[in-house]
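Reader: Got a minute to go through this one with me? I'd like to start with how the helices pack.
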Amino acid sequence: MQNRISSFPPIIDQESKILILGSVPGVKSLEKQEYYGHPQNKFWKIIFELFEVDFTENYVEKIEILKKNKIAVWDAIDTCERKGSLDSEIRNEEANDIKNLLQTHPNIRAIFCNGGKSYKNLKKILDKNSEIPLYLLPSTSPLHTISFEKKLEDWKILKTYL
């Protein structure tokens, strides 16, 4: 039997305009109890670059940057079994209640999926005729080996919804 892991609660408030959706936290993130906790994951570097803010390792300050810029973060998967951190190893997954989150936070204008697994799972959760635009962005994971510059360029679309 593999390890059963769980997602973190969403980072969201009533001011949030966009939702960034990952798959489920990796080993390092679970150890640190932080979204995108792996030191080689480029998520935080991209966020800080997009909003021209000096980088910090302080997780509370990172969350404040998200909230200040009206960004919510969550995962498509609530719980699953997985050995290691690879999305390809995810088994027996249960979805987070994205529909309810969107109903209770009507200011969300778009959902940006951090990688293919979250996008694939989100498509199963939401109706085909969902009125909220869905975007697949390149994963910020170190396993997704396109350049940081290319990832950053693709992630700039976030700002069109803020």
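Reader: Which residues of H2 meet H3 here?
Author: This is a predicted model, and in it Phe43, Trp44, Ile47 and Phe48 are the H2 residues that meet H3. On the H3 side the partners are Tyr59, Lys62, Ile65 and Leu66.
Reader: How does that contact divide into nonpolar, polar and charged?
Author: Seven of the residues are nonpolar, one is charged and none is polar.
Reader: And at what angle do the H2 and H3 axes cross?
Author: At roughly 50 degrees, with the axes coming within 11 Å. H2 covers residues 43-50 and H3 covers residues 59-68. The two helices are therefore oblique to each other.
Reader: Left-handed or right-handed crossing?
Author: H2 passes H3 in a left-handed crossing.
Reader: OK, H2 by itself. How many of its residues are buried?
Author: Six of the eight, so H2 is largely enclosed by the rest of the structure. The buried ones are Phe43, Trp44, Ile46, Ile47, Phe48 and Leu50.
Reader: What covers them?
Author: The cover includes H3 and H6, along with the strands S2, S3 (71-75) and S6.
Reader: Lys45 sits in H2 too. Where does it fall, buried or exposed?
Author: In between: Lys45 has a relative accessibility of 37%, so it counts as partly exposed.
Reader: What is Lys45 in contact with, leaving aside neighbours within four places in sequence?
Author: Phe55 and Phe148. Phe55 is ten residues from Lys45 in sequence, and their C-alpha atoms are 7.0 Å apart.
Reader: What about the residue with positive phi that follows H2?
Author: That's Glu52, with phi near 50 degrees.
Reader: Switching to H6. Which of its residues are buried?
Author: H6 runs over residues 148-155, and its buried residues are Phe148, Lys151, Leu152 and Trp155.
Reader: Why are those on the same side of H6?
Author: Because they cover an arc of only 100 degrees around the axis. As a general point, an α-helix has 3.6 residues a turn, so residues three or four places apart point the same way.
Reader: And what covers that buried side of H6?
Author: H2 is part of the cover, which also includes the strands S2 (18-22), S6 (110-114) and S7 (134-137). Going the other way, H6 is among the elements covering the buried residues of H2.

Notes: Residues are numbered from 1 along each chain as its sequence is written. This is a predicted model: local features need pLDDT of at least 70, side-chain atom pairs count only at pLDDT 80 or more; totals for chains, interfaces and linings use all residues. Side-chain values use heavy atoms; hydrogens and water are left out. Axes are lines fitted to C-alpha atoms, for helices over the stretch in contact, and angles run from 0 to 180 degrees between N-to-C directions. Helices (H or I, at least four residues) and strands (E, at least two) are DSSP runs, numbered from the N terminus. Angles under 35 degrees count as roughly parallel, over 145 as roughly antiparallel, 65 to 115 as roughly perpendicular and the rest as oblique. A crossing is left-handed if the near helix is turned anticlockwise from the far one by less than a right angle, and right-handed if clockwise. Contact means heavy atoms within 4.5 Å. Ala, Val, Leu, Ile, Met, Phe, Trp, Tyr, Cys and Pro count as nonpolar, Asp, Glu, Lys and Arg as charged, and the others, Gly among them, as polar. Buried means under 20% relative accessible area, exposed over 50%, partly exposed in between (1.4 Å probe, protein chains only). The arc is that of the directions from the helix axis to the C-beta atoms.
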